[in-house]
Every structure is written in structure tokens, then in C-alpha cells.
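Work through the exercises below with the sequence and the model open beside you. Try each task before you read its solution.

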Amino acid sequence: MDTKNKNLHFIAIGGVGQSALAKILKIKGYNVSGSDIKESKYTKELRDLGVQINIGHDKNVIKENMTIVLSSAIKEDNEELIRAKELNLPLYHRSDILKLISELYDCFIGFSGTHGKTTTSGLCSYVLEKINAHPAYASGGIIQGLNTNANSYPDSKIFIAELDESDGTIIKYSPDFIAINNLEADHFDFYKNGEEDLINTFKTFIDNLKQSSKIFINIDDEGNNLLIKKVSDKNIITYSIKNKNADYFADNIKISGENSFDLYVKGKYITEIKTQLTGFHNVINALCVISVLNEKGFNINDIRPYLYSFSGMKRRYEKVFENENVTVIDDYAHHPTEIKALLENAKKRTDKNIVAIFQPHRYTRLKALWNDFLNSFDLADELFILDTYSAGDKYDEKYNSKNFASAIHHKCAKYIKGNMDDAAREISKYIKKNDYIITIGAGDVTKTGYILKEVL
């Protein structure tokens, strides 16, 4: 894009991804404006920085000297987009702007994969903030302890970003360090052939990297190992909780109220690592960040205290409410693998009655992974299924929440129809003392937990 034009207008600026980019560019001296259909934490934070934001889409806010930034969610009938086309304004996808931002810094660190990229990018950003390394970063969620999803400093040298694979735009980037936590079939609206298309996209991405780029791969993951066979000539650094031959290996893992493990680097014992985050998946997440930061030159002993003080990301096992009778947890899990890991984690944390409230995300995902979803809730004692969050998908007469609730044969599965407010109030009738409630999904199911908090 033409970097001389510093007047950028973000359509749907209130999204977690769009707002992160808008914030960084505002800090970097760009003239940033935007619009969204509703006010949010992100729009309020941007207003505090001096960003002009319009609530509601209005073609009259589009001016002749603007460059327009879009996300994949913007439809062709958006009146601001229509006006921008009438004025023949330059249009850029948010991935193009992320690429532009990444080129403003000396070192670009990316975190990718089907699961864990928000937590790993957030943890890396948090640690570097805490050791005063002045990072710039754009994460896909609010980093607890920093209370933001993005930042930059005048002297920032390192830029950290979560790189989304969902729409194939990951091939645009060229990070100096790239971590791939796992590769598993998802986003079937884009990857029509599932895992095969996903791995081929990542092969293209890695083939386009600089010769000097370092690639960090979790070799416990089946999809990652398929990828390694296609890119074996690259500069690959491995991490694992199963294979002692990995460059970074976690041994003597203890999972309880917190994680602890012995860290080995290239076969040599280094130190014990502790984190507040539980579950084997979070051992992998910690190993991922440790390997990246150590290879970048940061001392493990310097970063070690902040691996522990990191309390996670918003909507990643976030405690919404707790009293003497019930606990309410909210989590973004929306893939069968994530849901299984979530419920395994919950079982390790509590002996209470686990009540799962699940909102499927996209009809295409529910259809493609139907059988996997059916087998994801075995560890829940009770299960409520909410209406599917379409995210733009067309309603599916066969693969929908009502039919899923009938098919799952869970001992206590119940379909609850209606919006989140109505659903929460209906579910509240079934809540008992000693219930450990988890709202699960990538849509607006998070509202349910907060409504339950009010009711309970």
C-alpha cells in the first residue's frame, strides 16, 4: 500500500483484530478513524487515544483522501464500502495492514496454528512487557495483567502477532520467527479439503519465508509432522512434551492447580518452570514461547518469573463468577480438540458437578466435525446446547443445534433455544449447589455467563 497516505479508516474497527492494528498505527503517527455497529471496550480504548469513531456505518464518513481497511466480515452491501468504491479509494484487507505494520519493526515474531496462537502470542507479549523489552504486539484477545490486546512504543524493535490461518492470508507474512503449535482441520468454509488444504497453505507460507527465518514446531502434533516432511530443508527448531530428542523438551510434568515441568534444551537440564495455567496444552504453549524467546537471545532465568505470573487471556478459562454455591467459567473453545482439553483441565481443577453450556460456531464447522463434536463432552456431567452462532453461514436443516442435542446421547444433554438472555434465564432454573458451569464457544455465548452471574 501507499505508506505516504496516512489517513486510514477501519470499517468494523471494534473487532479484536481490527482494533489492535488501529491502535498500533495511531501510536505510530497515522491518522486513524473507524466505524462499528456498537460501542465496545476496544472502541473506548481507541477513543482515549484520539481515534475518531462512528457508531453505526455511515457512507458520509468516507472521505476522498482515505485508505480503507476491511476485515473478512465486511459484506459487499456495507454502505461505507460501497461509497469507498464509488470514490475509487484504495481498499486493503486487515492482513495487508498487519503485513505493513510488521515491516515497521526490526524483528517480527508470529504465532500460528489451529489452537493456542492467542495464548502464545499473549504470553510472549506479556513476558516482554514485564522485562521492559518494549515490544509492539497485536494479539487476538485481551491479555490479562496488561488489560489490552495491542501496544507499541517509540523505541519498539520487536513486533509480536497472532497470525490467523482461517482465510489463507497467512501466506502474505514473512516473520523472522514463526511458531506453529499444531495443524488440524478447521475453517471448512475456506479449506474445502480440510487438513490437506491447510498443510499445503502452510507449506506455501514457509516456502516464502526468508532464508534466515527460524521455524518453531511442536512435533507432538500429527499435522505438524506432515508439514515437516514437506519443508524439511528449512531452519526448524522443535519442542515437545513426548520426544526427548526435541530441541526444547518438558519432562516430569505435574498438572494440578498449576503446571510445573523440568525444561531441557538440546538434552541439557536448564531449570524447573511453573505456570498458573493448567493442562498439558498449556505446557506446550509455555514451551513454545520459551523456545522462541531463548532463540531470540532472552535469558530463560529472566523470563521465568513472568511465565508464572501470566494469568492467561480473556475468554480462555476466565472465571466470571464464584460464590459458595457455584462457579462460572467462560472459554473460547469451539473445536472438538479444544473442548476435550478444556473439560480435561476442568476435571483436574474441581471435583464439582461440571455443567457445559455449548454454542456451536458455524454450521460448516458443526457439519464437518459432527462426529468429533459428539465425542467431545464425555467429561461434562450436564450439557446444554444453545442455538448455533452462524458467523455468516447459512442455516443447515440437518446439522444444527437441535439435531446435535438429539444425536449426542449425552446422559444430561438439553437443547435450549433463543437468544443468550433467554437461554441463560432458562438454564438458571436447572443450576444446583456445587455446579461448576463452563460456557463454551466462539460466538456470543460469553454473554450467558454474565447473565447467569446476575441471576445467581
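## Exercise 1: A charged pair within one helix

At 33% relative accessibility, Asp 421 counts as partly exposed. The structure is a predicted model, and the exercises should be read with that in mind.

**Task.** Find which helix holds Arg 425 and Asp 421, and state how many residues apart they are.

**Solution.** Begin with the contact itself: the side chains of Arg 425 and Asp 421 form a salt bridge, with 3.2 Å from N to O, and this satisfies the cut-off of 4 Å for such a pair. Next, locate the two residues, which both belong to helix H14 (residues 420-427) and are 4 residues apart, about one turn of the helix. The general background is that an α-helix has 3.6 residues a turn, so residues three or four places apart point the same way. Finally, consider the surroundings: Arg 425, with 38% relative accessibility, is partly exposed, and Asp 421, at 33%, is partly exposed as well.

## Exercise 2: Salt bridges elsewhere

**Task.** State how many salt bridges a search of the whole structure finds, and then classify Glu 103 as buried, partly exposed or exposed.

**Solution.** The search of the whole structure gives 18 salt bridges. One of the pairs joins Glu 103 to Lys 99, where the closest N and O atoms are 2.7 Å apart. To classify Glu 103, take its relative accessible area of 53% and compare it with the limit of over 50%, which makes the residue exposed. Its partner Lys 99 has a relative accessible area of 30% and is therefore partly exposed.

A further pair can be treated in the same steps. The side chains of Lys 429 and Glu 426 meet in a salt bridge of 3.1 Å, N to O; Lys 429 is exposed at 63% relative accessibility, whereas Glu 426 is partly exposed at 26%. Salt bridges with shared partners also link Lys 214, Lys 266 and Glu 295 into one network.

## Exercise 3: Two helices that pack together

**Task.** Describe how helix H1 (residues 16-27) and helix H4 (residues 94-102) cross, and name which residues make the contact.

**Solution.** Two packed helices are described by the angle between their axes and the distance between the axes. Here the axes of H1 and H4 come within 10 Å and cross at roughly 35 degrees, and the crossing is left-handed. From H1 the contact draws on Gly 17, Gln 18, Leu 21, Ile 24 and Leu 25, while H4 contributes Arg 94, Ile 97, Leu 98 and Ile 101. Sorted by class, these are 6 nonpolar, 2 polar and 1 charged residues.

## Exercise 4: A sheet of parallel strands

**Task.** Give the strand order of the open sheet of 5 strands, and say which strands lie at its edges.

**Solution.** The order is E3-E2-E1-E4-E5, with parallel pairing. Strand E3 (52-55) and strand E5 (91-93) are the edge strands, since each pairs on one side only, and the twist from one strand to the next averages 20 degrees.

Now follow strand E1 (residues 7-11) to its partners. With strand E4 (residues 67-70), E1 runs parallel and is joined by 3 bridges, and the bridge partner of Leu 8 in E4 is Thr 67. With E2, E1 also runs parallel and is joined by 5 bridges, and His 9 stands opposite Ser 33 in E2. Helix H1 lies across E1, strand E2 (31-36) and E4, at about 165 degrees to E1. Because 5 of the 6 residues of E2 are buried, this strand is largely enclosed by the rest of the structure.

## Exercise 5: A sheet with mixed pairing

**Task.** Which strands stand at the edges of the open sheet of 10 strands, and where does helix H8 (residues 280-296) pack?

**Solution.** First write out the order, E8-E7-E9-E6-E10-E11-E12-E13-E14-E15, in which the pairing is mixed. Strand E8 (148-151) and strand E15 (268-275) are at the edges with a single partner strand each, so one side of each has no neighbour in the sheet. Strand E14 (residues 259-265) pairs with E15 in the antiparallel sense over 7 bridges, and Ser 260 stands opposite Lys 274 in E15. Helix H8 packs on the sheet, where the strands that it touches include E6, E9, E14 and E15, and its direction makes about 145 degrees with that of strand E13 (248-255).

Methods
Residues numbered from 1 in each chain as written. Predicted model: local features only at pLDDT ≥ 70, side-chain atom pairs only at ≥ 80, totals over all residues. Heavy atoms only, no water. Axes fitted to C-alpha atoms, helices over the stretch in contact; angles between N-to-C directions. Left-handed = near helix turned anticlockwise from the far one by under 90°. Contact = heavy atoms within 4.5 Å. Nonpolar A, V, L, I, M, F, W, Y, C, P; charged D, E, K, R; others polar. Buried < 20%, exposed > 50% of the residue type's maximum accessible area, 1.4 Å probe, protein only. Pairing = 2+ DSSP bridges.
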